[in-house]
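Colleague: Could you take a close look at one part of this model for me, the biggest pocket and what sits around it? I'd like one connected walk through it.

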Amino acid sequence: MQVSVKTFDELSTDELYQILRLRSEVFVVEQDCVYQDVDNKDQKALHIIGSKDGDVVAYTRIFEPGDYFKNTSIGRVVVNKDQRKYGLGKEIMQASLAAIDQRFPNQPIEISAQCYLLKFYTDLGFNAFGEEYLEDGIPHRRMLKE
């Protein structure tokens with residue numbers, strides 16, 4: 001997988017389309033969750049894009065402190081369903097952590113994790129805090145990596 005890091009203005013029209021399509025395929029269709037994915041926050045985000053043969057197969061977006069949470073944050077972590085068996089979730093998260101370390105060194109990183117993925121994020125160094133809550137009808141927990 002090739003990983004690129006881009007601001008919103010650096011995204012091509014095709015990249016933006018593929019990102020939004022992937023997010024919709026997973027978060028809206030696969031997870032059967034009707035919600036507004038296009039949230040006017042992408043313009044502030046740093047986009048971490050994993051591609052294979054020109055197709056976006058994995059993605060996250062990063063926010064600097066104060067733009068989403070008080071801390072630096074990672075969100076919209078997604079991997080194409082057909083690509084999940086190859087460890088691309090871990091790979092895109094490691095690329096996201098490296099991008100944060102480069103741009104916002106020594107900052108805590110906060111995420112809103114779907115509960116079924118707590119072990120995945122714990123293995124990457126995140127620790128759950130606070131109570132479980134529903135976000136768009138899906139159980140979540142806040143997590144922090146110091």
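Modeller: Buried here means under 20% relative accessible area. That cut-off matters for C115, which is buried at a relative accessible area of 19%. Keep in mind that this is a predicted model.

Now the pocket itself. The largest pocket holds about 690 Å³ of space. Its lining runs to 31 residues, and F27, V77, Q114, L117 and Y121 are the ones nearest the centre. By class, that lining breaks down into 18 nonpolar, 7 polar and 6 charged residues. As for who supplies the wall, α1 (13-30), β3 (55-63), β4 (72-79), β5 (109-114), α3 (118-123) and β7 (138-145) each put in at least two residues. The top contributor to the lining is β4, with 7 residues.

Next, the packing. The largest nonpolar core has 22 residues, and I62, I74, I111, Y121 and F126 have the most contacts inside it. Two or more residues of this core come from each of β2 (46-52), β3, β4, α2 (88-103) and β5. Here α2 gives the most, with 7 residues. Y121 turns up in both stories: it lies among the residues nearest the pocket centre, and it is one of those with the most contacts in the core. F126 is worth a click too: setting aside residues up to four places away in sequence, it touches I74, M93, L97, I109, I111, Y121, M143, L144 and K145. There is also a second, separate core of 12 residues, which includes F27, C33, Y59 and I138. F27 is another of the residues nearest the pocket centre.

That brings us to the cysteines. C33 counts as buried, at 6% relative accessibility. The disulfide count is 0. C33 is in no disulfide, and the nearest cysteine sulfur, in C115, is 14 Å away. Seen from the other end, the closest cysteine sulfur to that of C115 is the one in C33, and at 14 Å it is too far for a bond, since a disulfide needs the two sulfur atoms within 2.5 Å.

Last stop, V56, which sits in strand β3, one of the strands that help line the pocket. V56 is buried, with a relative accessible area of 8%. Beyond its neighbours within four places in sequence, V56 is in contact with Q18, I19, L22, I49, G50 and S51. From V56 to G87 it is 31 residues along the sequence and 15 Å through space, C-alpha to C-alpha.

Notes. Residues numbered from 1 in each chain as written. Predicted model: local features only at pLDDT ≥ 70, side-chain atom pairs only at ≥ 80, totals over all residues. Heavy atoms only, no water. 1 Å grid on protein atoms, 1.4 Å probe; cavity = no way out; pocket = protein on both sides within 12 Å on 5 of 7 lines; lining within 4 Å. Points joined across faces, edges and corners; volume = space filled by probe spheres on them. Helix = DSSP H or I, 4+ residues; strand = E, 2+ residues; numbered from the N terminus. Nonpolar A, V, L, I, M, F, W, Y, C, P; charged D, E, K, R; others polar. Core = buried A, V, L, I, M, F, W, Y, C linked by side-chain atoms within 4.5 Å. Buried < 20%, exposed > 50% of the residue type's maximum accessible area, 1.4 Å probe, protein only. Contact = heavy atoms within 4.5 Å.
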